[in-house]
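Thanks for coming. I have one structure to go through today, so please have it open while I talk.

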Amino acid sequence: MRNIVVAVMLLCLTAIGASAENYPYRSDYLWVTVPDHADWLYETGEKATIEVQFYKYGIPRDCEVSYEIADDMLDADSEGTAKLKNGRGTINIGTRNTPGFRDLRLSTTVDGTKYVHHIKVGFSVDKIVPFTKEPDDFKAFWDKNLEELKSFPLTYTKELATEYCTDKADCYLVKLTINKQKQAVYAYLFIPKNAQKGSCPVVLCPPGAGIKTIKEPLRHRYYADNGCIRMEMEIHGLDPRMSDEKFDEISRAFNGRENGYLNNGLDDRDRYYMKRVYLSLVRCIDLLTSLPEWDGRNVIMQGGSQGGALSIVAAGLDNRVTQCIVNHPALSDMAAYSAGLTGGYPHFSKDMMTPENITTMAYYDVVNFARYVTADTYMTWGYNDSTCPPTTSYAVWNTLTCPKECLLTPINEHWTSEETEQGHCEWMLKHLK
């Protein structure tokens with residue numbers, strides 16, 4: 001395993017040595033937060049000090065900063081103020097006695113406007129372990145469902161989607177039926193032009209969270225440009241050619257906080273909404289590996305957030321997967337909040353933490369699938385992420401026992417750069433079988 005730590009240097013300022021900051025796009029203000037450990041990592045018991053800087057129009061501003069300090073995603077346990085002189089000050093955020101992250105949450109009011117920022121630093125992160133335990137019959141449960149899936153024949157339609165064809169790849173809109181209830185998923189399938197039989201790796205890309213169309217199907221066109229078959233899928237059985245307005249209507253009706261699909265049927269492992277979603281991943285792999293252009297060897301999962309979670313799920317369910325490329329996976333250690341610990345997206349509320357729901361979560365939690373991944377895995381995550389927090393990314397990472405590499409980008413919140421995304425494709429090409 002190689003552990004690649006990215007030193008993020010977005011702005012060079014006089015007398016700033018190694019700094020890491022999130023420069024807001026076209027913004028008049030800038031926070032700079034600089035931990036006294038360049039990699040933002042400490043051992044338990046070590047104290048962490050953060051230098052805080054604030055600029056408006058690039059000019060240091062004296063101001064009073066209010067702050068809270070908390071464990072990752074949890075309520076603050078201390079607070080205070082610090083005065084910035086010449087735009088700078090330091091805050092000692094203390095330590096942790098257990099592995100995990102501390103979050104320094106900052107705010108100041110300058111010229112009548114309130115500005116906020118935060119930074120998370122980690123303590124003994126390689127010792128973070130998931131709260132979620134694997135049910136005794138976890139594997140048997142999924143093996144049974146996979147056997148039932150095999151009893152239903154591979155059934156799909158495919159039509160040319162000329163609006164997304166390129167000079168290097170043809171694009172098809174696929175509707176893939178999952179089960180006897182005729183539940184389906186849609187996908188855009190990109191096949192390199194004039195691809196020879198047995199010549200192409202296949203790449204399946206599940207979506208991020210939400211009820212939405214397949215956004216920007218051509219965003220990752222470089223996979224097909226490099227000779228890969230790529231499938232960009234959705235999970236709800238909604239035709240991606242619907243208008244954004246129609247998707248918004250459906251999302252408002254069926255994906256509210258109180259009735260979202262990630263809540264749907266959570267009290268019963270057999271009725272939970274994500275059961276058919278997880279099985280649809282295997283069905284998509286069935287389709288991809290049935291194509292005559294598939295090279296017969298390489299099956300790659302690639303996705304971020306919910307898509308990252310589903311990529312690990314697919315790799316854990318299906319040993320045909322040879323590579324798993326993941327950004328900040330969601331659906332990880334979800335029930336940890338029930339014990340007052342940091343949990344993962346979708347951050348179920350306290351009233352959702354019933355015994356029945358917690359039991360079901362364990363059958364769908366990414367950390368339990370991570371134990372079964374054998375594919376070469378490449379994973380990236382940021383420390384400032386409060387959607388898929390770094391604590392749960394480490395819970396997944398530390399659980400994986402497969403060949404693995406990671407790219408750590410501490411400054412990142414819930415995003416990855418285009419350079420990082422293209423780096424995924426480059427990593428994939430280097431690791432083909």
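Pro346 sits in the loop between strand S17, residues 323-327, and helix H6. The peptide bond leading into Pro346 from Tyr345 is cis, with omega near 20 degrees. Keep in mind that this is a predicted model, and that every value I quote is computed from it.

Leu331 is found in that loop between S17 and H6 as well. Leu331 is not a glycine, yet its phi is positive, near 55 degrees. Most residues other than glycine have a negative phi, and most peptide bonds are trans. Is Leu331 buried or exposed? Its relative accessible area is 2%, and the cut-off for buried is under 20%, so Leu331 counts as buried.

The loop leads to helix H6, residues 355-364. Buried in H6 are Asn357, Thr360, Met361, Ala362, Tyr363 and Tyr364. What covers these buried residues? The cover includes three helices: H1 at 138-150, H4 at 274-290 and H7 at 366-370.

A second positive phi belongs to Asp111, again not a glycine, at about 50 degrees. Asp111 lies in the loop between S9 and S10. Those two strands make a hairpin with 2 residues between them. On accessibility, Asp111 reaches 52%. Exposed means over 50%, so Asp111 counts as exposed. To put the two residues side by side: Leu331 is buried, whereas Asp111 is exposed.

From the hairpin, on to the sheet. Which strands form it, and in what order? It is an open sheet of 5 strands, ordered S3-S10-S9-S6-S7, with mixed pairing. At the edges are S3, residues 41-42, and S7, residues 76-84, each of which pairs on one side only.

I will take the pairings one at a time, starting from the S3 edge. S3 and S10 run parallel and are joined by 2 bridges. In that pairing, Tyr42 is opposite Phe123 of S10.

Next come S9 and S10, the latter covering residues 113-123; they are antiparallel, with 11 bridges between them. Two of the facing pairs are worth finding on screen. Leu104 has Ile119 of S10 opposite, and Asp103 has Lys120 of S10 opposite.

Then S6, residues 63-71, pairs with S9, residues 100-110, in the antiparallel sense over 6 bridges. Here Ala70 faces Asp103 of S9, and Asp71 faces Arg102 of S9. Asp103 therefore has a partner on each side: Ala70 in one pairing and Lys120 of S10 in the other.How covered are the two strands of the hairpin, S9 and S10? In S9, 9 of the 11 residues are buried. In S10, 8 of the 11 residues are buried. Both strands are mostly covered.

At the S7 edge, I picked out Ser78, which is found in that strand. Ser78 is partly exposed, at 29% relative accessible area. Leaving aside residues up to four places away in sequence, Ser78 touches Tyr67, Glu68, Ile69 and Arg102. As a distance check across the model, the C-alpha atoms of Ser78 and Arg252 are 37 Å apart, with their positions 174 residues apart along the chain.

Now the chain as a whole. It has 9 helices and 19 strands. The radius of gyration is 23 Å, and the globule rule gives 22 Å for 433 residues; the two are close, so the chain is as compact as a globular protein of that length. Along the principal axes, the C-alpha atoms fill a box of roughly 70 × 50 × 45 Å.

Of the 433 residues, 57% count as buried. The exposed area is about 18800 Å², with carbon and sulfur atoms supplying 49% of it. Taking contacts between residues at least 6 apart in sequence, 70% join residues at least 24 apart.

Last, the charges. There are 46 positive and 57 negative charges in the chain, and their mean positions lie 3 Å apart.

Methods: Residues numbered from 1 in each chain as written. Predicted model: local features only at pLDDT ≥ 70, side-chain atom pairs only at ≥ 80, totals over all residues. Heavy atoms only, no water. Helix = DSSP H or I, 4+ residues; strand = E, 2+ residues; numbered from the N terminus. Rg over C-alpha atoms; globule rule 2.2 N^0.38 Å. Buried < 20%, exposed > 50% of the residue type's maximum accessible area, 1.4 Å probe, protein only. Contact = heavy atoms within 4.5 Å. Areas by Shrake-Rupley, 256 points an atom, 1.4 Å probe, with all protein chains shown as cover. Lys, Arg positive; Asp, Glu negative; His and termini not counted. Charge placed at Lys NZ, Arg CZ, Asp CG, Glu CD. Pairing = 2+ DSSP bridges.
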